[in-house]
Amino acid sequence: MTSAQDIIDHLSVPSAENIDLINRAYEFAKKAHEGQFRYSGDPYLEHLAIVAKMLAEIGMGAHTVATGLLHDTIEDTDVTPEELKNEFGDEIFFLVQGVTKLGSVRYYGSDRHNESLRKLFVATSQDIRVLIIKLIDRLHNMQTLEFVPKEKQLRIARETLEIYVPVTHRLGMGKIRKELEDLAFPYVYPDEFKHVIDITKQLAKNSEADLEKARKAMQKRLAESGIRDFHTSCRSKGKYSLYQKLKRREWDMDKVHDYLAIRVVVPSIEQCYQVLGIVHEIWRPLPQRVKDYIAFPKPNGYQSLHTTVITPNRTILEVQIRTESMHREAEYGIASHIIYKNKQLGQKESASQTKSWFASLVPALFRPFIWKNSPTREPKKEVLLGKDHKLKIPKWIQEIADAHKSDDGDLEFFDGRRDDFFSYRIFVFTPEGDVIDLPVGASPIDFAYAIHSDIGDHTAGAKVNNKLVELNTALKNGDIVEIIIGKSNRPTRKWLDYTKTSLARRKIRAVLTSQEATMRNS
Ligand code: MN
């Protein structure tokens, strides 16, 4: 069983006050859930303690960790909201309530799908910690899904794929996304899962040895070229993600080129491009497979250089090259900023923390990722917060991070400032349930361009929540937006006044300029 001490051992800031808080929350939860058991036969307390421990491991502050212990008290016990508030104060009360409200997010087929996603994002817009607690709660529930009665397993696994996974994707939390997907996959698509397992089994034997060989060869060449300060690691594609790709490639494994990948993490962007050159010198790259997501980040902020190469023993592998801040962002997304802040503050306060902050994130929670040959080292401030970092994370997250830089002894990133995390952004939905994030005040035209420039260029009208609206209407968090397209419709100068995003303005100006050019020529 997981004890209060096991949780305390992982706190970033084990101050007397924080230790006392965790001990009190542990005893409170123990008493409140007395006599309750999980399907696994464990006392209910074990679920709460593991969730709290994982939250501590990924670097969340003491309030959030305590909430991990208390997150089911209002819903599942006789504890009243008043008692909880009196005992633990407004902050924790707010967080527990937030998680409790999210408890009713369910997958009921496509109609309710949008509604659930919407709830999740609206709750998140009040405090990102609510979402992180909920995701860790879901992760532990998925890890113990085998004990749940058969008839409930499918529903829970499907909810995970349909609701939680898109959120982790949207927020750029690659590591937790992969784990949730692979845990849900066998329940939701059992036949396809077996098929994928068969395919990967055949490959596994040779490919792992090849991959390791390739990694060694590359390390040697990088060192010879004077690049010293780098890490490499190997990964194979997640099972669910491989399934998605196989579906699009007629189940032909020869058409999947990123099953095996080597990651290279270097200190600077300049070195990323240097490494790309070296990789192409050692191995023949496949044509049309070089992707520069550093200059052109993916919509969720992901950045890396990708290239696919073929080694002398005919192994095809993808090489992913990125800086440390890009790597952290790719693994933890939005959460990485909170974690980073806590770890920094933690290091100031506890000299005993000699582990690298990253190594300390790796344990139990995120098993698949293992650093090989990586000396542990302290983060360098200028690497993490330098120009590179500023440029590379989505601007709106950076603005928030900057707004929270000053600190008055309050160790959690967003403690006491829950109202403004996403106050710069709204989340709106396509009729299919895809989430689009836009700045506050954005219009249907911004939305149309965010989906595709062809849609933007031919916008004729818009419906918000099924009602026709003017094109200059300001969209609100949670709106469902549908664009009506007219073949002959084109942007007008007026549209520039209706838009907030630079993407939309750039596209509109491009069309206006070419129209004027045509008019001059005719
Ligand atoms: Mn729970």
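## A walk from Phe-185 to helix α3

Start by selecting Phe-185: with a relative accessibility of 0%, this residue counts as buried. Keep in mind as you click around that this is a predicted model.

**Stop 1: the partner of Phe-185.** Add Phe-193 to the selection and show both side chains. The ring centres of Phe-185 and Phe-193 sit 5.3 Å apart and the planes meet at 90°, so you're looking at an edge-to-face pair. Is Phe-193 buried or partly exposed? Its relative accessibility is 22%, and because buried means under 20%, Phe-193 counts as partly exposed.

**Stop 2: the rest of the cluster.** Now bring in Tyr-189, Tyr-240, Tyr-243 and Trp-251. Together with Phe-185 and Phe-193, these residues form a cluster linked by ring pairs. If you enjoy hunting for such things, the structure holds nine aromatic pairs.

**Stop 3: two tyrosines.** Which way do the rings of Tyr-293 and Tyr-302 meet? Select both and look: the centres are 6.0 Å apart and the planes are at 70°, so this pair is edge-to-face. Tyr-293 and Tyr-302 are both buried.

**Stop 4: an arginine over a ring.** Jump to Arg-38 and Tyr-44. Arg-38 lies over the face of the Tyr-44 ring, 5.7 Å from the ring centre. Tyr-44 is also where helix α3 begins, as the helix covers residues 44-57.

**Stop 5: along α3.** Select residues 44-57 and switch to cartoon. The 14 residues of this helix reach 20 Å from the first C-alpha to the last, close to the 20 Å expected at 1.5 Å a residue. How many of the residues of α3 are buried? The count is 12 of 14, so the helix is largely enclosed by the rest of the structure. Turn on the side chains and you can pick out buried residues including Tyr-44, Leu-45, His-47, Leu-48, Val-51, Met-54 and Leu-55. Glu-46 and Glu-57 are on the buried list too. As you look down the axis, remember that an α-helix has 3.6 residues a turn, so residues three or four places apart point the same way.

Just past the helix, click on Gly-59: this glycine, which follows α3, has a positive phi, near 100°.

**Last stop: zoom out.** Show the whole protein, with its 22 helices and 11 strands. Of its 522 residues, 53% count as buried. Switch on the surface: about 24,200 Å² is exposed, and carbon and sulfur atoms supply 51% of that. As for contacts between residues at least 6 apart in sequence, 67% join residues at least 24 apart.

Technical notes. Residues numbered from 1 in each chain as written. Predicted model: local features only at pLDDT ≥ 70, side-chain atom pairs only at ≥ 80, totals over all residues. Heavy atoms only, no water. Helix = DSSP H or I, 4+ residues; strand = E, 2+ residues; numbered from the N terminus. Expected span 1.5 Å × (residues − 1). Buried < 20%, exposed > 50% of the residue type's maximum accessible area, 1.4 Å probe, protein only. Contact = heavy atoms within 4.5 Å. Areas by Shrake-Rupley, 256 points an atom, 1.4 Å probe, with all protein chains shown as cover. Phe/Tyr/Trp six-rings, centres within 6.5 Å; stacked < 30°, edge-to-face > 60°. Lys NZ or Arg CZ within 6 Å of the ring centre and 35° of its normal.
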